[in-house]
Amino acid sequence: MNLTFRSMSSLATAGVLIAAGCTSLDDGAADPASVSESEHEGLNSVNGLNSVNGLNSVNGLNSVNGLNSVNGLSSTTGLMTTAPGRATVSYIVKCALKAGRSITKKDQAGVSYSYAGQFGFAPEWETSTCGKTCQENVSACLMAHINTAGVHIPLWLDAASPSVGWGRSPTYTRQEGSFFGNLFVSPPKAYYCNGKDFTAGVVPGRLGATQDGAPYANPFPGSGNCADACVPLPTPNTGDGYKSCAGYTNVVTVWRQ
């Protein structure tokens, strides 16, 4: 199943439209020349972030080096060696790099795969170190893409990152929740909190529904609501998202229809 990735053609109104779901990636029919995985959309946690090993340097992903370098993303160990791992790579690149940027990596058999950027949360990681801010931004973006039921769901995304920005859509009016943490540390820190509308218009595999194998947890007691525990944004962006949650200042807030 090939789902075309959609985003706003312009960020002038702030915010970014994404789609979360999953696709099935099958290596069996791979052309030994060049295979593009940049058009696949969504992230199934069972085949992606639910298997968090691989997101650190020990398992093939090194935040100290650029993604496009030999030492930054290994071809012989970790994520590039399996179809689920390469699906995760496609979202790492999509979250990190800007639209128009891409990298090409090989797997252990020498097959080349191309990955396109989209959100630009961490453009510096293409060629250099992914520091704390980079790691937290990429982590939050990846978590925002997870759909544990494998269902294709369009979403609206808000964040402090200049490449995404603040601003609400008249179509995506339900605040699902916010994602924050750091998947690059050991053990990974993967968190979410409930948006004010997380029980409205519930869709499979997302917040408010039963999520089997979800890799993130709500760290807040009681309601678990973002509004009760996170620091709100100042005017004029109050209500668009949050300045910080549980000490994390790189927070991605998701809205759904």
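This report describes the nonpolar cores and the disulfides of a predicted model.

## The main nonpolar core

In the predicted model, the largest nonpolar core is made up of 43 residues. Those with the most contacts inside this core are Phe121, Trp125, Val138, Leu157, Phe179, Tyr216 and Val252. Both helices and strands contribute to the core, since at least two of its residues come from each of α1 (83–96), β4 (112–116), α2 (132–144), β5 (153–159), β7 (189–194) and β10 (252–256). Among these contributors, helix α2 gives the most, with 7 residues.

As general background, nonpolar side chains in soluble globular proteins tend to be buried together.

## A second core

Separate from the largest core there is a second one, which has 9 residues and includes Phe220, Cys226, Cys230 and Val251. One of these residues, Cys230, also takes part in a disulfide, with cysteine 245 as its partner.

## The disulfides as a set

A search of the whole structure finds 4 disulfides. When the bonded cysteines are counted along the chain, the pairing follows the pattern 1-4, 2-3, 5-6, 7-8. Three of the links are described below.

## Cysteine 95 with cysteine 141, and cysteine 130 with cysteine 134

The sulfur atoms of cysteine 95 and cysteine 141 are 2.1 Å apart, and the two residues form a disulfide. The torsion about their S-S bond is about -80°, so this disulfide is left-handed. Because cysteine 95 belongs to helix α1 and cysteine 141 to helix α2, the pair ties together parts that lie 46 residues apart in sequence. Cysteine 95 and cysteine 141 are both buried.

Cysteine 130 is joined to cysteine 134 by a disulfide with an S to S distance of 1.9 Å. The link of cysteine 130 and cysteine 134 is left-handed, with -100° about the S-S bond, and both of these cysteines are buried.

## Cysteine 230 with cysteine 245

Another disulfide joins cysteine 230 to cysteine 245, with 2.1 Å from S to S, and with 115° about the S-S bond this link is right-handed. Cysteine 230 lies in the loop between α3 (226–229) and β8 (231–232), while cysteine 245 lies in the loop between β9 (242–244) and β10, so the pair ties together parts that are 15 residues apart in sequence. Cysteine 230 and cysteine 245 are each buried. Strand β10, which follows the loop that holds cysteine 245, is among the elements that supply at least two residues to the largest nonpolar core, whereas cysteine 230 is one of the residues of the second core.

Note on methods:
Residues numbered from 1 in each chain as written. Predicted model: local features only at pLDDT ≥ 70, side-chain atom pairs only at ≥ 80, totals over all residues. Heavy atoms only, no water. Core = buried A, V, L, I, M, F, W, Y, C linked by side-chain atoms within 4.5 Å. Buried < 20%, exposed > 50% of the residue type's maximum accessible area, 1.4 Å probe, protein only. Helix = DSSP H or I, 4+ residues; strand = E, 2+ residues; numbered from the N terminus. Disulfide = S-S within 2.5 Å.
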